[in-house]
Amino acid sequence: MIPVQFDYVAPATLDEAARLLAEHQDEAKLLAGGHSLIPAMKLRLAQPSLLIDIGRIKDLAYITEEGDQIRIGAMTTHYQIEASERLKEICPLLPECAASIGDVQVRNKGTIGGSLAHADPAADWPAAILALDAEMIAVGAQGERTIRAQDFFVDMLTTSLEPNEILREIRVPQPQKNTAQAYMKVAQPASGFAVVGIAVNLTRGDDGRCQSANIGITGVAAKAYRASNVESALAGNALDEQTIAAAAAHAADGVDANSDLYASADYRRHLAEVYTRRAIQKAIAKL
Amino acid sequence: MSKFVGQRVKRTEDPRLIKGLGHYVDDIRLPDTLHVAFLRSMYAHARITNIDVSEAMNTPGVVAVYTGRDLGEKIGPVPCAAALPDLKVPDHRPLASDKVYFVGHPIAAVVATDRYAARDAVDLIMVDYEELAVVVDPEEAAKGGAVVHEKFGDNVAYKLTAGEGDIDAALASADKVIKQRILNQRLAPIAMEPRGVLARYLPGEEELTVWSSTQIPHLLRTQLALMIGIPENKLRVITPEVGGGFGSKLNVYGEEALLGWISMQLGKPVKWIETRRENMASTIHGRGQVGYIEVGCRNDGTITGLRYNVFADLGAYHQLLTPAIPTLTGLMLSGCYKIPAIQINVTGVFTNKMATDAYRGAGRPEATYVVERAADLVAAELGLDPVEVRRRNFPKPDEFPFKTATGLFYDSGNYEAALDKALQNADYARLREEQKRARDEGRIIGIGVSTYVEICALGPSQAMPAGGWESATVRIEPTGKVTILTGASPHGQGQETSFAQIAADELGVDIGDVTVIHGDTSIVQYGIGTFGSRATAVGGTAVYIAIERLKEKANKIAAHLLQADISKVVWDENGFNLEPEPAKVAAGAGVPEADLPAGQAPGASLPEPQIEGKKSLSLQDIALAAHLAKDLPPDMEPGLSATYFFEPKNFTFPFGTHIAIVEIDRETGEIKFQRYVAVDDCGKVINPMLVDGQVQGGIVQAIGQALYEEVVYDEQGQLVTGTLMDYAVPKAAMLPWFELDRTETPTDVNPMGVKGVGEAGTIGATPAIVNAVVDALSPYGIRHIDMPIKPENVWKIVNQQS
Ligand SMILES: Cc1cc2nc3c(=O)[nH]c(=O)nc-3n(C[C@H](O)[C@H](O)[C@H](O)COP(=O)(O)OP(=O)(O)OC[C@H]3O[C@@H](n4cnc5c(N)ncnc54)[C@H](O)[C@@H]3O)c2cc1C
């Protein structure tokens, strides 16, 4: 529970941080809320020799609206998102997901950018970000690029961020009218992380049928994923009980499910199905 | 006369703890302190063929590295106080030398100028291991195969049979005999504060002080003196604030001795603060029993006999009480029932794991779990209501003291009263109707009842390995302030408050004028400690009787000063009065300002007590007179203090009824509490808030065992649940509301009638919860399910059937 020795810098600007990261790439780590990194360092699973604290950089924590996008700074804490009245109104999936993370202390320190960059297979944010079809804005020494959520999560603890890139912002398309959202989670009793976490973002057409459905699922596999067979089973169909149940049965299609002390792979798949159905129902109940 | 006793007095220790101003071991900072880090085995069983510490030694900041080979026999073995016939006792030294026997087994200690350097150097020690065959499962261990300690030939550390009555005949003549395999899984105690030791040797004075987070400062001093070879009166153990123990600090650990010894080698203070990972791997575990019960009954539900054949998973070594824990299970196998024939057959086995030892309840939760599961098995077999089976087997209130077939005498009890109150609070009859209706609707609801009795106030010295009495000194200082020294050093229970409540009432002073001192062997007379729900019943009683003794002396001084015959002097909460006129001032109103000696600049002389013409003397007047000693009865010792060592003549046996109501999610197997109702009887209550707190905490740990917690080692003996990310302790948000109530059946084992409540929740609640889940699953033909009951297991049961 004692990390190896490391140096610490707190750059004042993002450019400075990017420069330091490019310079020390292999041995440096960005420090955001520290709530994944510091525990890993204490167990000596992570042994960076330099911590670049991006917590002192001004204007990395914000929730704004630009055109038809919601923009969230990478250093925005889980709690800031949970507590945003505006988000509760226009994109309730985000505060709902935030509220399900850890406990108050974790939510007060941990950041959305840190969680996404860390890409824990049982973290909550990836499910929501996938369901919202968000974009990540990454800054590197060569400038900025945009990564679609679908392309962001590569594997367990691996994203498509380059080692010298910093996640700066998350952009979420403004949900349209008649959008139904919900997040539901079975928390692992020891860690509080998701055994399964289901994010639902679907739109109902004027005809009462499902216009589009985005389902993000975390906790089940090595990385969070979009349940595309569920989505296609919903799209264009009436949102009745049978349709939803039949669609939810595809929640873990083609997925190599995790197994651990708490839940076998079979049970995880089963939970994914049950909670996908429940989360969809919970979402449309709000319409 | 009870202004404080019986009241919900807020804990006087809390403000400092809440503000972060308390001092735990790690808060004590001495100049020049060196820090220790341990290299611990990563293998469950291996021969150490070579250790190379040279690189570690050459690390900047490193002062010394000690290995088991360096130590040899310089430090005596880690003690085991359990005296069992033919017990195999492995030689247990603070550091492994030739072999390691479990993951976390300490191999080397690095001493450095700071914690970081010490920890870094641990990684530089090179150890060559030759892996050996590992044995993890206690039943496998008993059969043969891999052997933990080669020199013993097998893994059976002892076998023990206990109980009375003809069990074979009882089972043979029973209408029904029900058999069940029952698991009491290994648990980790997880005190909030891990262990920690600071040791300082003063070469000039030849004195060693050891600060340790322990439940037993005096016993630790004696044992450390023997292990290290320092005279006991040159060793001082100080137990500052202790952040919980649950039995895990009722022990003597190799690290405690080693730190003391290292400080003596280096002549500097040395400190070690256990990490949470070390705490999971190298602090004792609890439970770890797998057993087979046979319970015989008549068709009317009368239980006629109970046999429990149990394998106790001892781990690789004996810690202080390791092999003794299952004997407590044997003692409590009668539960709160009249069972004429009981037999326990214990096979204590070595495994390549950390030692098990006392964890909240220490053998009794295991027994209660067995008996309460047995009662439900009988009910299920006979189609009776579990409540009726219990009622049928209770001894009646007039049958106390009640003798069990395990050789105990239960002091007092009224089991039916507690049961009835709990049933009424829960509205049991209606619950059963609701359950029926819910089942018709396809919902799965379970109601679990547990009626428990436990053994507290440990205990008569005859029955205890190191004495079972407790001590107290009560002193009235010259200024009238009251100082209590208790040997029952607490680790979170709140004795500073509850003992002050007793003293404030008995002495007629304000609670704020009483200070309770504990946990320093140079200040406090020898004491036994806080465990076995004994602190109030034994330690509190010592305080109470010391006060009685002190008042007898004060009474004599009062009579002398008032120039009256002692029979004319009457005590009330204001002091000693010449005439038996009840005073008008409210009880315990505190020290009247005018009576306080003023102007106590250092060296100033104390004022003379104003006696002339008085008809009443406060305790403060008398304390001052006793201290100044200018006018005392002939041959009377000056000063006003009394010390009492209380030896209880029996244990006490608190009891109660717990009822859990759960609902199971039929699709996922997830278990939710609907309600939790408990009625506990711990005799007379000193502070209802502290009692509630103990019961609540106990139930939480029971919920942990029933539903979440399990120390898991894999087949290689690797600790799978080595962090709190894997080992699930229940969090506040996972808990139901506890509907608590009490009955009060005093004991005559001690003058205050108190019994003890520290472990009741854990003992009573575990079977109530499991019984509730089993009850819920009974339509699926389920009679038993092992702990921790995971949703997946429940789901499988429901899923297979529907
Ligand atoms: C007790 C506890 C319970 C928790 N429970 C949950 C839970 O239920 N659900 C859940 O989802 N999470 C949970 N977490 C994790 C928590 O949400 C973390 O806060 C989050 O995973 C990481 O965010 P952070 O800001 O703390 O990042 P840090 O720990 O500071 O960083 C994590 C990693 O991301 C990198 N990084 C950080 N920011 C950036 C960036 N802007 N660009 C590029 N790389 C970056 C860091 O270098 C590091 O490798 C829990 C954590 C704890 C300690």
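**Entry 1: domains 2 and 3 of chain A**

I started with the spacing inside chain A: the centres of domain 2 and domain 3, taken over C-alpha atoms, are 20 Å apart. Note to self: this is a predicted model. I then counted who touches whom, and the contact draws 24 residues from domain 2 of chain A and 23 residues from domain 3 of chain A. For the bounds, I have domain 1 at 7-53, domain 2 at 63-173 and domain 3 at 179-284 of chain A.

Next I looked up the area. Domain 2 and domain 3 of chain A bury about 1,800 Å² between them, and carbon and sulfur atoms carry 55% of that.

**Entry 2: polar links between those domains**

How many salt bridges are there between domain 2 and domain 3 of chain A? I get three. I pulled up the pair Lys282(A) and Glu96(A), a salt bridge whose closest N and O atoms sit 3.2 Å apart. For polar contacts between domain 2 and domain 3 of chain A, my tally is 15 residue pairs, both partners at pLDDT 80 or more.

Then I asked which elements build the domain 2 side. In chain A, α5 (93-99), α8 (125-131) and β8 (153-155) each give at least two residues to the side of domain 2 that touches domain 3. The largest share there is α8(A), with five residues. By residue class, I wrote down 17 nonpolar, two polar and five charged for that side of domain 2 of chain A.

**Entry 3: chain B against chain A**

I moved on to the interface between chains. Here 28 residues of chain B are in contact with 23 residues of chain A. The two chains bury about 2,200 Å² between them, 58% of it on carbon and sulfur atoms. Which three residues supply the most of the area that chain B buries against chain A? They are Glu667(B), Met725(B) and Glu792(B), which supply 25% of it.

**Entry 4: polar links between the chains**

I found five salt bridges across the interface of chain B and chain A. I checked Asp123(B) with Arg44(A), a salt bridge with its closest N and O atoms 2.9 Å apart. My polar contact count between chain B and chain A is 13 residue pairs, both at pLDDT 80 or more.

On the chain B side, the elements giving two or more residues are α4 (115-122), α9 (276-282) and α20 (791-801) of chain B. I see the largest share coming from α4(B), with four residues. The class split for the side of chain B that touches chain A is 12 nonpolar, three polar and 13 charged.

Definitions and conventions:
Residues are numbered from 1 along each chain as its sequence is written. Chains are lettered from A and ligands numbered from 1 in the order in which they are written. This is a predicted model: local features need pLDDT of at least 70, side-chain atom pairs count only at pLDDT 80 or more; totals for chains, interfaces and linings use all residues. Side-chain values use heavy atoms; hydrogens and water are left out. Domain bounds come from an automatic or database domain assignment. Contact means heavy atoms within 4.5 Å. Buried area is the accessible area (1.4 Å probe) that two parts lose on being put together, summed over both. A salt bridge is a side-chain nitrogen of Lys or Arg within 4 Å of a carboxyl oxygen of Asp or Glu. A polar contact is a pair of N or O atoms within 3.5 Å; within protein, one must be able to donate a hydrogen and the other to accept it, and residues adjacent in sequence count only if both atoms are side-chain atoms. Ala, Val, Leu, Ile, Met, Phe, Trp, Tyr, Cys and Pro count as nonpolar, Asp, Glu, Lys and Arg as charged, and the others, Gly among them, as polar.
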